[in-house]
Amino acid sequence: MRITLRLILALVLAAAAVVFISTGFQARQEQVRLEEELERRASVLAESLQESAEPLVASENLEGLRRLVQRFGDRERLAGIVVYASDGQPLAITASLPARFQELPEIAREAVQTDQGRDAFLVVGQQRWHLEVLPLHRAGQVGGALLLVHDASYIDVQRNGLWRQNFVRLLFHVLLISLITLLIVQWNLLRPLSKTIEWIRRLRTGELSEHESLPKGELFGPLAREVTHMAKSLTVARAAAEEEAKLRHAGESHWTAERLKEHVRSVLQGRALVVVANREPYVHIREGRQIRWVMPASGLVTAVEPILRACGGTWIAHGSGDADRETADAHGKLKVPPETPSYTLKRVWLTKEEEDGYYYCFANEGLWPLCHIAHTRPIFKADAWAEYQRVNAKFAAAVLEELEGTEHPCVLIQDYHFALLPRLIKARRPDAMVALFWHIPWPNPEAFAICPWARDLLDGMLGADLLGFHIQFHCNNFLDTVDRLVESRIDWERFAVNRHEQTTLVKPFPISIAAEEMNEPYTGGARPATSTIRENLLKGLGVTASYLGVGVDRIDYTKGIGERFRAIERFLEQHKEFQGQFTFVELGAPSRTLIKRYHDLGAELDAEADRINRRFQTRTWKPIIFLKKHHSHAEIAPFYQAANLCLVTSLHDGMNLVAKEFIAARTDGQGVLILSGLTGASRELHDALIVNPYDIDQTADAIHVALTMGEAEQRARMERMRQTIHERNIYRWAADLVSELARLRPAREPKVSPAAPQAV
Ligand code: F6P
């Protein structure tokens, strides 16, 4: 308020001063104009009178002179005329002229003496006069003078009138403009500003609920965004500090982003951290004229991204978005996350042939079904293998370029897309500490051996210092495979492979999520009760039901989505009382759709959901809602928060992070997780209802158990699982991996000579 008052006062004073000066200037100009006009008029009149008066003076015709002055004496603004003799005596004078002009004034005397015309303004008392004098000649000599006296006081009156009029008018205009400006400032600036100040104050004092957002407005858009980010960081920092304090108090060992950051800093001691993964964490896509980014549906991204956020470094990935090139620099680099940049994303560009051969064909039609026992036959093609080698070499070149000028850098390679990369990097940079984490299962030796290039793949992988799998079982399978297929010495005590003077340690690192950060704020404001979120979701989907189930997957044949649908069908057959009561929502993200098997799967699942729905659905209810599109974390969050059960029925899965995300979201301690025993997650989440996804009846039973489970049991199970994922979160995963890698000191110094990896 004080600001507004000050603003008003300042505006009024400034406006008044400006108007005063400018109208004063105008009035002065008007005065000059009027004076010049009067001078001109007086001079013309004097000259014409001079012509008439001189013969009369010469002939000493006083009567003629008197008539002359009387005739001209009543002209507009002319106060009078005087004709003087050369001795200064008035010969003729207008009767109405003040007596003081009877005497020859000084100016007339000068005109007579110099024989030159004169004019001047004269102020007498309150009155202003204009005097115009011309000498009168008689026989070539100055014989007198002619004086014209004008009343000039009208000039002051007009000047003052004009000034007053203009001043009032202009002041009114300026005040009006100032008032409008003030109102605009008040509405667009001061109000949002005071709301912002109030918001920041409440944030600082902790009175603000996390969902109350800043006032919006065009002017405040960027500020609001920045302050919101700052507020988020503040909230996160405050929560982290509280968590740290709590943990210190409880004496527990818990990993947070901050702790990981410190840990990685002390372990790496300034060495560069580079992550290589096929999938990038931020994909830029074009929508009409706009470019926006999306975070892809990927367990790998969910897990690894928080690590880079915490520790910084570089993530090297395939630039797959149609607007990726426009949003990166000439080196394919950009700072991410877009809102709070904290690490570098370096995009590697692939041709269509490379992407088809390396990603779609060799990695996803070959290695993916090879490693997942889901009874889809792997396809191996020689030209796809050539592309796989070429792209691995391309990524190796990108990594090596990034490692230039660094010493003992730490390289974390992700997944089955890059089996050859560890060897390619180590050949050129033996000083680098290289880890490869395999995010999918590893099959038994017989299964793996059917790959025509099984030995090449193993050779590439054994270039790494450290090889990670989710569970010990996959480590054992890998060591068995190495034992069977390549010449090497296996140290079964340390779980290490010695080959060509290189030791590769093979260890399980069960991957996880940033559990605390998964609790996405409820999008509609302050988080309502679980039952209200559920009602709203079902209403939004156009069904009436009491129970909600959720599944969240990439649409992939390994996820057992069809088996899940059939288990729901069986459950409804067996428990008719749940018909019209239970709706299952599958949030399916289309994935790898250029592969026929994946493309067909989408249609198969649609048909299966339709078939089951037709059997049971009513006018207001249906059992399965299959939403086939990319869903953001914020869109998925309310489903996790409100579902009575979550179904994870993968036929084979390295870990499965959906199971962990569901648990992380259940701050209310409710909800039941039904989890396939064929996932890595089932080794940790013992309080889930573990099922064999191939056993439709068993899954149907589990659905019934989940929907009839008492609140207390749900809470007890959920609490134990929540404790597990909080203790074994992604920060601990990263800390374990980096610590283990840092312990393995590379023996040799960097080589300079070998040629860069060549594409085949
Ligand atoms: O689960 C294996 C995996 O490669 C993950 O690492 C990744 O999150 C997921 O599949 C997604 O696959 P894509 O990157 O091919 O979409």
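Colleague: Which residues does Asn 166 contact, leaving aside its neighbours within four places in sequence?
Modeller: This is a predicted model. Asn 166 has its place in helix α4, residues 153–204. Leave aside the neighbours within four places in sequence, and the contacts of Asn 166 are Thr 23, Gln 26 and Leu 171.

Colleague: Is Asn 166 buried or exposed?
Modeller: Look at the relative accessibility of Asn 166, which is 9%. Buried means under 20%. Asn 166 is at 9%, so it counts as buried.

Colleague: Which domains does the domain assignment give?
Modeller: Domain 1 takes in 1–207 + 222–241. Domain 2 covers 274–508. The assignment also gives 528–728, which is domain 3.

Colleague: How many Å apart are the C-alpha centres of domain 1 and domain 2?
Modeller: Take domain 1 as 1–207 + 222–241 and domain 2 as 274–508. Between the C-alpha centres of these two domains, the distance is 86 Å.

Colleague: Where does Arg 347 lie, and is it buried or exposed?
Modeller: Arg 347 has its place in strand β11, residues 343–348. Its relative accessibility is 3%. The cut-off for buried is under 20%. At 3%, therefore, Arg 347 of β11 counts as buried.

Colleague: Which residues does Arg 347 touch, not counting those up to four places away in sequence?
Modeller: Start with Glu 280, Tyr 282, Val 283 and His 284, which are among them. The list also includes Ala 317, Gly 319, Asp 324, Thr 327 and Ala 328. It is completed by His 331, Gly 332 and Leu 334.

Colleague: What separation do the C-alpha atoms of Arg 347 and Gln 50 have?
Modeller: Along the chain, Arg 347 and Gln 50 are 297 residues apart. In space, their C-alpha atoms are separated by 100 Å.

Colleague: What is the peptide bond from Val 336 to Pro 337, cis or trans?
Modeller: Pro 337 has its place in the loop between β10 (333–336) and β11. Omega of the bond from Val 336 to Pro 337 is near -5°. This peptide bond is cis.

Colleague: What is phi of His 408, and where does this residue lie?
Modeller: His 408 is not a glycine, yet its phi is positive, near 45°. Its relative accessibility is 21%, so His 408 counts as partly exposed. His 408 lies in the loop between α9 and β12 (410–414).

Colleague: Is Glu 501 buried or exposed?
Modeller: Glu 501 is found in the loop between β16 (496–499) and β17 (502–508). Its phi is positive, about 60°, although Glu 501 is not a glycine. Exposed means over 50% relative accessible area. Glu 501 has 82%, so it counts as exposed.

Colleague: How is α9 oriented relative to α10?
Modeller: Helix α9 (residues 382–403) and helix α10 (residues 421–428) pack at about 40°, with axes 9 Å apart. Therefore α9 is, relative to α10, oblique.

Colleague: Which residues make the contact of α9 with α10?
Modeller: By class, this contact has nine nonpolar, one polar and one charged residues. From α9 come Asn 392, Ala 393, Phe 395, Ala 396, Val 399, Leu 400 and Leu 403. From α10 come Leu 421, Leu 424, Ile 425 and Arg 428.

Colleague: At what angle do α15 and α19 pack, and in which crossing, left-handed or right-handed?
Modeller: Helix α15 spans residues 561–574 and helix α19 spans residues 696–708. Their axes lie 8 Å apart, at an angle of about 65°. As α15 passes α19, the crossing is right-handed.

Colleague: How do the residues of the contact of α15 with α19 divide?
Modeller: Arg 566, Ile 568 and Phe 571 are among those of α15 that take part. On α19, the residues they meet include Thr 699, Ile 703 and Leu 707. The contact divides into seven nonpolar, three polar and five charged.

Colleague: How are α18 and α20 oriented to each other?
Modeller: Helix α18 (residues 657–665) and α20 have axes 9 Å apart, at an angle of about 115°. Angles of 65 to 115 degrees count as roughly perpendicular. So α18 and α20 are roughly perpendicular.

Colleague: Which residues does Gln 714 contact, leaving aside its neighbours within four places in sequence?
Modeller: Gln 714 lies in helix α20, residues 711–727. Its relative accessible area is 10%, so Gln 714 is buried. With those neighbours left aside, it contacts Gly 669, Gln 670, Gly 671, Val 672, Ala 706 and Met 709.

Technical notes
Residues are numbered from 1 along each chain as its sequence is written. This is a predicted model: local features need pLDDT of at least 70, side-chain atom pairs count only at pLDDT 80 or more; totals for chains, interfaces and linings use all residues. Side-chain values use heavy atoms; hydrogens and water are left out. Domain bounds come from an automatic or database domain assignment. Axes are lines fitted to C-alpha atoms, for helices over the stretch in contact, and angles run from 0 to 180 degrees between N-to-C directions. Helices (H or I, at least four residues) and strands (E, at least two) are DSSP runs, numbered from the N terminus. A crossing is left-handed if the near helix is turned anticlockwise from the far one by less than a right angle, and right-handed if clockwise. Contact means heavy atoms within 4.5 Å. Ala, Val, Leu, Ile, Met, Phe, Trp, Tyr, Cys and Pro count as nonpolar, Asp, Glu, Lys and Arg as charged, and the others, Gly among them, as polar. Buried means under 20% relative accessible area, exposed over 50%, partly exposed in between (1.4 Å probe, protein chains only). Angles under 35 degrees count as roughly parallel, over 145 as roughly antiparallel, 65 to 115 as roughly perpendicular and the rest as oblique.
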